[in-house]
Amino acid sequence: MMANFNFALDGKVDLFSLNPLEMTNFEMAGTIIGIAGVLLSMALRRSARPRLRPHLFTAELADETDAGHAQ
Amino acid sequence: MWRSIEHYGVTFCRFYLGGFNLVSGLNYFVLFWPQPKIAESAGNEFVIAAMQLKLFAFAKVVEMLGGLCLVTNRFVPLGLVLLMPVTVNIFLVNVPWAPFPHIQLSVTRNLVMHGILLAAYANYYYPMLKFRSAPLPVWRDPSRIVKSL
């Protein structure tokens with residue numbers, strides 16, 4: 001039989017189909033874990049952004065006259 | 001933008017290959033899905049011989065370990081080296097002989113993803129390309145194992 005691009009939502013894999021949506025169980029598991037991993041990586045990168053920003057010195061901390069008043 | 005595509009592309013390949021191998025290895029022992037049927041082909045006898053010699057069980061344990069390394073992002077270069085014989089063997093057994101185009105495409109895709117990951121983590125393999133090397137035995141300084149973690 002020749003290769004084709006068949007795709008059906010019946011749960012049965014046509015092993016002659018080259019359609020990427022037609023997946024065996026292991027391919028489906030790999031795809032789901034792959035997509036979940038990419039989403040997790042995006043979320044972790046976003047949450048790490050505030051932690052990775054450089055420290056900003058505010059005016060109060062840099063002002064030497066304030067330190068003199070405190071004494 | 002290209003850096004992001006590169007980063008997430010490598011991340012997808014790592015999770016896909018890791019997930020595929022981890023689930024394939026687990027399924028051999030736990031059997032939550034039916035085992036794939038081996039097609040009538042020249043590679044068939046090699047797979048049957050491997051099963052009878054218990055090599056298949058050993059290969060599945062290696063698949064699980066390698067898959068776990070990739071999915072958890074721990075010891076990834078080691079995981080890729082562990083999985084290389086599995087990926088190459090599956091490719092060589094199926095692509096020339098398997099009668100199903102879907103299987104041929106699937107194992108080729110796995111090999112390509114494995115190659116992409118090896119290239120992405122190439123920095124850790126450069127020391128292996130040393131042209132001339134003298135032995136550096138582990139027993140001289142065993143603490144290097146812990147230091148490299």
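**Close-up views of a two-chain helical model**

**View 1. The H3–H4 pair of chain B.** In this predicted model, H3(B) and H4(B) pass each other in a left-handed crossing. Helices packed in pairs are described by the angle and the distance between their axes. Here the axes of H3 (residues 55-72) and H4 (residues 76-94) of chain B come within 8 Å, with a crossing angle of roughly 150°. From H3(B), the residues taking part are Ala59(B), Val62(B), Glu63(B), Leu65(B), Gly66(B), Cys69(B) and Leu70(B), and they meet Val76(B), Leu78(B), Gly79(B), Leu82(B), Leu83(B) and Val86(B) of H4(B). This contact is made by ten nonpolar residues, two polar and one charged.

**View 2. The buried side of H5 in chain B.** Take a look along H5(B), residues 101-120: its 20 residues should span 28 Å at 1.5 Å a residue, and the end C-alpha atoms are indeed 28 Å apart. Buried in this helix are His102(B), Ile103(B), Ser106(B), Val107(B), Asn110(B), Met113(B), His114(B) and Leu117(B). Because they cover an arc of only 130° around the axis, they lie on the same side of H5(B). An α-helix has 3.6 residues a turn, so residues three or four places apart point the same way. The packing partners of the buried H5(B) residues are H1 (25-52) of chain A, along with H1 (2-30) and H4 of chain B.

**View 3. Chain A and its meeting with chain B.** Chain A has three helices and zero strands, and 13% of its 71 residues are buried. Where the chains meet, 19 residues of chain A contact 18 residues of chain B. The chain A side of this contact offers nine nonpolar, eight polar and two charged residues.

Methods
Residues numbered from 1 in each chain as written. Chains lettered and ligands numbered in written order. Predicted model: local features only at pLDDT ≥ 70, side-chain atom pairs only at ≥ 80, totals over all residues. Contact = placed C-beta atoms within 7 Å. Nonpolar A, V, L, I, M, F, W, Y, C, P; charged D, E, K, R; others polar. Axes fitted to C-alpha atoms, helices over the stretch in contact; angles between N-to-C directions. Helix = DSSP H or I, 4+ residues; strand = E, 2+ residues; numbered from the N terminus. Left-handed = near helix turned anticlockwise from the far one by under 90°. Buried ≥ 20, exposed ≤ 12 C-beta atoms within 10 Å, placed from the backbone. Expected span 1.5 Å × (residues − 1). Arc of directions from axis to C-beta.
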